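Hi,

Here is the structure you asked about, with my notes underneath. Have a look at it first and then read on.

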Amino acid sequence: MAITLGELADQVDCELRGSRETVIETVATFSGAGPNAITFLSNAAYKPQLPDTRAAAVILKPADADDCPVAAIVHDDPYACYARMAALLHPALTHQPGVHPTAFVSEDAVVSKTAYVGPNAVIEGNAVIGDGCEIGPGSYVGPDCVIGAGTRLLANVTFVRAVTTGQRGLIHPGAVIGGDGFGNAMTPEGWVKVPQVGGVKIGDDVEIGCNSTVDCGAIGDTVIGNGVRLDNLVMIAHNCRIGDHTAMAAYTGIAGSTTIGSRCLFAGKSGAVGHITICDDVVVTGKTMVTKDIDTPGAYASSFAAEPAKDWAKNVARVRRLGKLFDRVGDLEKDKS
Amino acid sequence: MAITLGELADQVDCELRGSRETVIETVATFSGAGPNAITFLSNAAYKPQLPDTRAAAVILKPADADDCPVAAIVHDDPYACYARMAALLHPALTHQPGVHPTAFVSEDAVVSKTAYVGPNAVIEGNAVIGDGCEIGPGSYVGPDCVIGAGTRLLANVTFVRAVTTGQRGLIHPGAVIGGDGFGNAMTPEGWVKVPQVGGVKIGDDVEIGCNSTVDCGAIGDTVIGNGVRLDNLVMIAHNCRIGDHTAMAAYTGIAGSTTIGSRCLFAGKSGAVGHITICDDVVVTGKTMVTKDIDTPGAYASSFAAEPAKDWAKNVARVRRLGKLFDRVGDLEKDKS
Amino acid sequence: MAITLGELADQVDCELRGSRETVIETVATFSGAGPNAITFLSNAAYKPQLPDTRAAAVILKPADADDCPVAAIVHDDPYACYARMAALLHPALTHQPGVHPTAFVSEDAVVSKTAYVGPNAVIEGNAVIGDGCEIGPGSYVGPDCVIGAGTRLLANVTFVRAVTTGQRGLIHPGAVIGGDGFGNAMTPEGWVKVPQVGGVKIGDDVEIGCNSTVDCGAIGDTVIGNGVRLDNLVMIAHNCRIGDHTAMAAYTGIAGSTTIGSRCLFAGKSGAVGHITICDDVVVTGKTMVTKDIDTPGAYASSFAAEPAKDWAKNVARVRRLGKLFDRVGDLEKDKS
């Protein structure tokens, strides 16, 4: 979508140094930007490339503005400013309201007149689809689900049952929300399934990535707070509570009944065991597994980084021989005394 | 579903101390239970709350029964008893038999008259759908699949081809069963795909979680035993054999041709490399990777727990300096002698 | 499909010692092969079973040919030869061209007359489906996707938008290609979504496993080279570049903007952080996380193997006490001097 620099600056409420009339058509990378594009300078490492930019305008911090050879959009947080301008230039694809003739909507479902239900989507009884929602092609909305206004389920999303979402959610393809939690009681005859009768409650402005799964509660609900961001292939088990604005990168796995605070960051392949509580503002580094309560904000880690396999094998062997090393040091200390 | 206490006790075959006529409508948590609910006391940590329960009845062990202020359902295994009563109070959602008009069923498929085939489901040629099966909306049952009586594929499940299941299976949304194993032969011109011509054989009473994948065998079948429980995002590679009643939590990954015994437990993010054998009754802790045969039942581990990142960084640095530490201790020992 | 040994040998261009007329119907394992089957001897461990084989023919190396009691197909690389013969004997299931009446194809899409579009598949506007392509049941091809000739999307695959593939691709069920990358800018009001406006470019002869996800670029494209092989549940984040013929086993996760060379091998549950570069011919072992650039081919590792949990707990405790051990050794050294 073509927008003038002036309009972009007005809408995102930031200072423009340059012509308001310049028309912008796209965002671009710092090195790839042409005369119809805006780009941004957030990472100081790219500063040396600033004089050579061919962009129409650069979003940058006040301290960098004087060095900008083209129009400057000045903002204390260039990346957030970029995000907002990119949303104006590249609005999300949306559809005309209406139910596609190949979709199946139960007679007992309520679908807003302003909602879109795509080809081959299925909406079961007792589901409620709010204003401006989009239920993408092949998606399934099971019984007793309530989808808040403006929430979009892209293609092939599955809401199993009893999932309630807030407004403006974005659920990516392959995500499965409200599947049964993993509840089994061992008996002499084998596992007995523990029925999972709770639901899932999702706040406003939540985004859930491709092929992620959020299970329903065993009893009571699994709760995802406002503004939570889940990447692809994330797993939230039954009865977890994820605090507002917490973000979890791919493969983050949270076991059952764990409560996580607000504004936490889980890096890729990290996770937490069940039945623990993690406070606000905790950062969990990549591949780290949290095994007990955390009540102090800060960063937590438990993983090793790759080394050449030969060197690593020596580390492993040394760790295995640590018991003997402790003994040897003990012997030396005894001899000394 | 409303059921009297007497009927619940009869059906699950356990002792009731209290009025048989009390009507129960739901299960509830210990603290959330009201007068229409049963709850259970399994974990001693909750015992102090027992006197204050507002539940209609509590399922508990004989030793706790005298302290129960309301009706007591007495059983040696309250959790298993709870699971069975919950199944009576909250029966799984089922559908009327019949093929939905939007479903596509190949002329060469055989679908029991008592089976349900949901909206937009697809059943290919040579597939057999047994009595009382449910093939949920958007699910795909490929050629040469045989689905045993009472097995339910919830929405958007994919059975690629040559998958045979036993009875009473439950397959959650997004699961993909019978996809090609990862077989590739390297050549000077790049990878050559190794055709995966085997199938998948699944026993009775198996549950497979959301977005999990079980690949077909390269030659011969991948085998999932009776009563196996797979959580979400589990991966079983080609030609694995998983023993009866083994349970695997989310992200458990088993590489190709590995054989796993009965009643094993794999915690989240654990796994095993390919071409090994693990005996019965092995417990693999979270994030642990089994790399060779295990022939002794018991617990196995290889993961570290999260620590504050600064402390962890010191551990990592020390492990890296272990070689030098061994040398220093060796020098001290030499000096001594 | 029944084929004579002579024809198999001709088509794969290798030496046959035995009757050209013998009819082969199937491949089989070394121990399971009967008189209508070929098998192969690649791993020397199986050599002792060679005299007892009941196969019609064995594919083996020149050095083993004299010991073969049945027809011998002689090739320097028996496994690759097997792969090619198996593809002849067990050709991939294909469909008649045409659009199934239950599929939905946008008026603005272009679908080759020789392509197959299965039941309940959906093809959006501006998509192009090449000659001989197969868009399987329940699959979704979003706007601006271009599918190269002969590429097959099996059931329930999702191409979100702006995905371009080369020829002869094979995409397994549940895979989601072109979903939004995980781009978020933190602000005082919470996360602001960073629009993901790039696409995905996939080379020729690429195979992507069940429930894997490849995100679109934030700006510019995510790139998957020719001949790349991704197993199930793999995650490729936005703007990654994966070199030709690189293979990644299940759960391999590559964070954003990382570039990986050609012919790399990532074992199960391995991965790499974002914004790094890994050169050609790197092998990353199971569960290993690469955290910085690698510019030397070879194997890299960072994981421990399972031990009995008691032994492992001692290792963990010793690592935790390493700081003190370093101090004690320092004290001993001081005393000595």
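**Where chains C and A meet**

Chain C brings 58 residues to its contact with chain A, and chain A brings 60 residues (two residues are in contact if their C-beta atoms, placed from the backbone, lie within 7 Å). This is a predicted model, in which local features need pLDDT of at least 70 and side-chain atom pairs count only at pLDDT 80 or more, while totals for chains, interfaces and linings use all residues. Residues are numbered from 1 along each chain as its sequence is written, with chains lettered from A and ligands numbered from 1 in the order in which they are written.

On the side of chain C that touches chain A, α5(C) gives the most, with five residues (helices are DSSP runs of H or I with at least four residues, strands runs of E with at least two, numbered from the N terminus). That side divides into 31 nonpolar, 21 polar and six charged residues (Ala, Val, Leu, Ile, Met, Phe, Trp, Tyr, Cys and Pro count as nonpolar; Asp, Glu, Lys and Arg as charged; the others, Gly among them, as polar).

There is also strand pairing between the two chains: β40 (residues 307-308) of chain A runs antiparallel to β39(C) over two bridges (strands pair if DSSP finds at least two bridges between them). In this pairing, C:Y300 of β39(C) lies opposite A:P308.

Within chain A, β22 (residues 184-187) and β23 (residues 190-193) pair antiparallel over four bridges. A two-residue hairpin joins β22(A) to β23(A), and A:A185 stands opposite A:V192.

Best wishes
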